[in-house]
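Hi everyone, thanks for coming. I'd like to walk you through one helix pair and the sheet beside it, so let me put the structure up.

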Amino acid sequence: MSTTAAPSADAPTTPTLNVAIIGYGFMGAIHAQAWRTAPRFFDLPVTPVLHTLVGRSEGPLAEAATKYGISNATTRWQDVIEDPEIHVIDICTPGDTHAEIALAALAAGKHVLCEKPLANSVEESEEMARAAEEAAARGVRSICGYSYRRTPALAYARQLVQEGFVGEIRQIRADYLQDWLSDANTPMAWRLDKSKAGSGALGDIGAHVIDLTQWISGLEIESVSGTLATVIPTRPLTGSAQNLGGKGSADGEHGTVTVDDVALFSARFTGGVLGAFEATRMAQGRKNAIRVEINGEKGSIAFDFERMNELEIYDATAPAGRQGFTRVLATEPEHPYAAHWWPTGHGLGYEHTFTHEVADLVRAIGEGTDPSPSFAEALQVQRILAAVEASDADESRWTPVGPHTT
Ligand code: SOE
């Protein structure tokens, strides 16, 4: 695909890459910030430029476009697919729309960044992965938004595993804990509607720890045994919904929650390594606690996103009297991504993971390589989500995950 030349005197010195974001909620906002920030902190072969914002409701869309500094807006996503000036389609909408938009974008030769989980079903994900593979042969790149991979401490954890710090992996545990649905009067939202979100805590946040543990360990989940629960079956339809949470009116009309609030599952990784997983939006006091622990023959690595700049490492080969978890501040130039930002020890936040994601995608587009996680990798996560649901429906029986093919 060709890129357009920079139009004004203060424009970037590299060719520009025009980006359209579809969706202006929480994810649309953070992606807009990432696209704008990435070229300011990373040397990129092409310069992303926010071109158009797409959303369903005209008023809020115009407001969001102004707020995010995007000069064009449209309520028809098809407009940006048809627009020859757009090079990248960034999908920040609920899962029920991912497949249709991504397939149209790839067919039109647009690079695609698609929020997670890839889609709401294995079937849709398979179609998307197939289309992405075909498009890659034409130089069209795609990536799924498992953004936490780009947390410096987690990227460093993967590096340590690859370098053999923990030796042979013996056990894995991973939790993703939030509490924004703990109050029974938090109103209905699209994330509570199976037809829009696909599943609840399982796909919304459990998918992240599935992706992370496979990526860090280099092992694949082959079978699962899971249990899902909807703790609060109905929620107010009226009230003031906020991004995540809000207060509904207890006495007003209620709607049915059609997804899980809590997902627990065990997993068997390659070679029989066992993993314990927990995903919940009911864990009072846990705001965005992503905890990953890898226990190996020679040591352990532990992480909690609520302290995202830190990684705990335990070296079992150290002299007995000096063993203990060491807290590494993953803010140094030796750590992935960190050298692009602030001086030693100053630390990063949630939004930086998205900036890293965008920078990696833009570099891949400019250099003609395939970024990760690919749609094929995201399809594998989808198969695991489906296997957990199938296991839950079958008295938590151990259930195999489908083959990793497209
Ligand atoms: C809500 O649980 C949510 O916004 C997820 O959808 C995101 O993927 C996660 O990064 C933060 O929490």
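**Two helices and a sheet**

Let's start with the relation between helix 8 and helix 10: they are oblique to each other, because their angle is about 120° and angles between 115 and 145 degrees fall outside both the roughly perpendicular and the roughly antiparallel class. Do keep in mind that this is a predicted model.

As a reminder, a packed helix pair is described by the angle between the axes and the distance between them. For our pair, helix 8 covers residues 201–217 and helix 10 covers residues 375–393, and their axes are 10 Å apart. The crossing of helix 8 past helix 10 is right-handed.

So who makes the contact? From helix 8 we have L202, G203, A207, I210 and D211, and from helix 10 V381, I384, L385 and V388. By type, that contact splits into 7 nonpolar residues, 1 polar and 1 charged.

Now over to the sheet. This is an open sheet with 9 strands and mixed pairing, in the order 18-17-16-15-7-14-13-8-19. At its edges sit strand 18 (326–329) and strand 19 (399–400), each pairing on one side only.

And here our two topics meet: helix 10 packs on this sheet, where it touches strand 8 (221–229), strand 13 (262–269) and strand 19. The direction of helix 10 makes about 55° with that of strand 8.

One last detail, in case you want to zoom in. Strand 16 (residues 299–304) and strand 17 (residues 310–315) run antiparallel and are joined by 4 bridges. Look for I301, which stands opposite I313 in strand 17.

Note on methods: Residues numbered from 1 in each chain as written. Predicted model: local features only at pLDDT ≥ 70, side-chain atom pairs only at ≥ 80, totals over all residues. Axes fitted to C-alpha atoms, helices over the stretch in contact; angles between N-to-C directions. Parallel < 35°, antiparallel > 145°, perpendicular 65-115°, else oblique. Left-handed = near helix turned anticlockwise from the far one by under 90°. Contact = placed C-beta atoms within 7 Å. Nonpolar A, V, L, I, M, F, W, Y, C, P; charged D, E, K, R; others polar. Pairing = 2+ DSSP bridges.
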